[in-house]
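Here are my notes on this one, set out as numbered points. Please keep the model open beside you as you read, and start with the last helix.

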Amino acid sequence: MEMYYSQKAVLEVEYFGEVGTGLGPTLEFYTLLSHDLQKVGLCMWRSNFSPDKQSKEIDGDELKNGKTNNISESGLSLATSDIVQAPLGLFPRPWPLNVDTSDGSQFSKVIEYFRLLGRVIAKALQDGLLLDLPLSTALYKLVLGQSVSLIYMIFFLLMPRLGRFCKNYKSLLVLVYVHRAIADLCFCGAPIEDLCLDFSLPTYPDYILKPGEENVDINNLDEYISLVVDATVKNGIIRQMEAFRSGFNQVFDITSLQIFSPDELDYLICGRRELWRLRRSLIT
């Protein structure tokens, strides 16, 4: 891809030792590459499950069934479980601003993966090919330079649990501003101080939102929510998005996509998605 992304000619892939060339092997190449870019180990995407939890669930199920052939050293299934679980679409994982960015570091690799992702999507669009890459609507909006509705789009469609968490706290803050009765307010029956929240990003304890050992209380709750939102959709992913745009622009100008809506862009990249439902037939 490094050698051919800047060429306007259609890219065709041929595998050594296999008969055939043209559209079939090329589509297979893009499909395999799409799957590789969704792997948990790349640390590119948010996931509904943490790797540790996912590993434990897989280990338990496989051991019960006596199946261990497809388990990697990390405990993840080599077939499907190493793919990020994001039913509502892929969205970049936040990384703190003070993370190590030196060559060879994990984050430097993440940046290169996003730059590669931009090249792959741009080349696929240029050649009229489809990718098996379920990006979220929120990510498409950021790619197009559109504003994102934080509560609805990000929290309810992308991260429902985090959305309900912030929405409930926001409702609590409204009561503070209206009634000015801070001491008597509780969240789910418990005072804010008793929740033992610190200034780290939910699900990412290594992402420190604010230096120091200060805990969240009713007086700094608004600041805490603002920092969580900023880390989720702004500063925590800004370098990844810049790398994506940089890679995309090496093929053609990403601003030419602004004539499309997020749904139209998803259709161009992934094609029409259909929801399949299992039909259970009762055999009597």
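1. A good place to begin is helix α9, whose buried residues pack against α3 (106-127) and α4 (137-143). Packing here is judged by contact, meaning heavy atoms within 4.5 Å. Helices (H or I, at least four residues) and strands (E, at least two) are DSSP runs, numbered from the N terminus. Buried stands for under 20% relative accessible area, exposed for over 50%, and partly exposed for what lies in between (1.4 Å probe, protein chains only).

2. Before going further, a word on the source: this is a predicted model, where local features need pLDDT of at least 70 and side-chain atom pairs count only at pLDDT 80 or more, while totals for chains, interfaces and linings use all residues. Residues are numbered from 1 along each chain as its sequence is written, and side-chain values use heavy atoms, with hydrogens and water left out.

3. Which residues of α9 are buried? In this helix, which spans residues 262-270, they are P262, L265, D266, I269 and C270. They cover an arc of only 105° around the axis, so they are on the same side of α9; the arc is that of the directions from the helix axis to the C-beta atoms. As background, an α-helix has 3.6 residues a turn, so residues three or four places apart point the same way. After α9 comes G271, with a positive phi near 80°.

4. Now the overall layout. The protein has nine helices and two strands, and along the sequence they follow the pattern α-α-α-α-α-α-β-β-α-α-α. Of its 284 residues, 42% are buried. Among contacts with a separation of 6 or more, 69% are between residues 24 or more positions apart. The protein exposes about 17,100 Å², with 54% of that supplied by carbon and sulfur atoms; the area comes from the Shrake-Rupley method with a 1.4 Å probe.

5. The largest nonpolar core deserves your attention. Such a core is a set of buried Ala, Val, Leu, Ile, Met, Phe, Trp, Tyr and Cys residues joined through side-chain atoms within 4.5 Å. This one holds 63 residues, and W45, L117 and I121 touch the most other members. Two or more residues each come from α1 (23-36), α3, α4, β2 (204-208), α7 (221-233), α8 (238-249) and α9. The largest share, 10 residues, is given by α3.

6. What surrounds W45 in this core? Setting aside neighbours within four places in sequence, W45 is in contact with L37, Q38, V84, L90, F91, P92, R93, F114, L117, L135, L139 and Y204. One of these contacts, R93, also lies over the face of W95, at 4.5 Å from the ring centre. A charge sits over a ring if NZ of Lys or CZ of Arg is within 6 Å of the ring centre and within 35 degrees of the ring normal.

7. A second charge of this kind belongs to K210, whose charged end sits over the ring of F199, 5.1 Å from its centre. K210 is in the loop between β2 and α7 and is partly exposed, with a relative accessible area of 22%. F199 is 11 residues away along the chain, and the C-alpha atoms of the two are separated by 5.7 Å. Apart from neighbours within four places in sequence, K210 is in contact with F199, E223 and L227.

8. On to the aromatic rings. Rings of Phe, Tyr and Trp (its six-membered ring) pair if their centres lie within 6.5 Å; planes under 30 degrees apart count as stacked, over 60 as edge-to-face and the rest as tilted. The count comes to six aromatic pairs. One of them joins F29 and Y30, edge-to-face at 5.5 Å centre to centre with 75° between the planes. The rings of F248 and F252 have centres 4.9 Å apart and planes at 70°, so this pair is edge-to-face. F248 is buried at 1% relative accessibility, whereas F252 is partly exposed at 22%. Ring pairs also link F244, F248 and F252 into a cluster.

9. Finally, two backbone angles to look at. Most residues other than glycine have a negative phi. C43, in the loop between α1 and α2 (51-65), has a positive phi of about 60°. T203, in the loop between β1 (200-201) and β2, has a positive phi near 75° and is exposed, with a relative accessible area of 64%.
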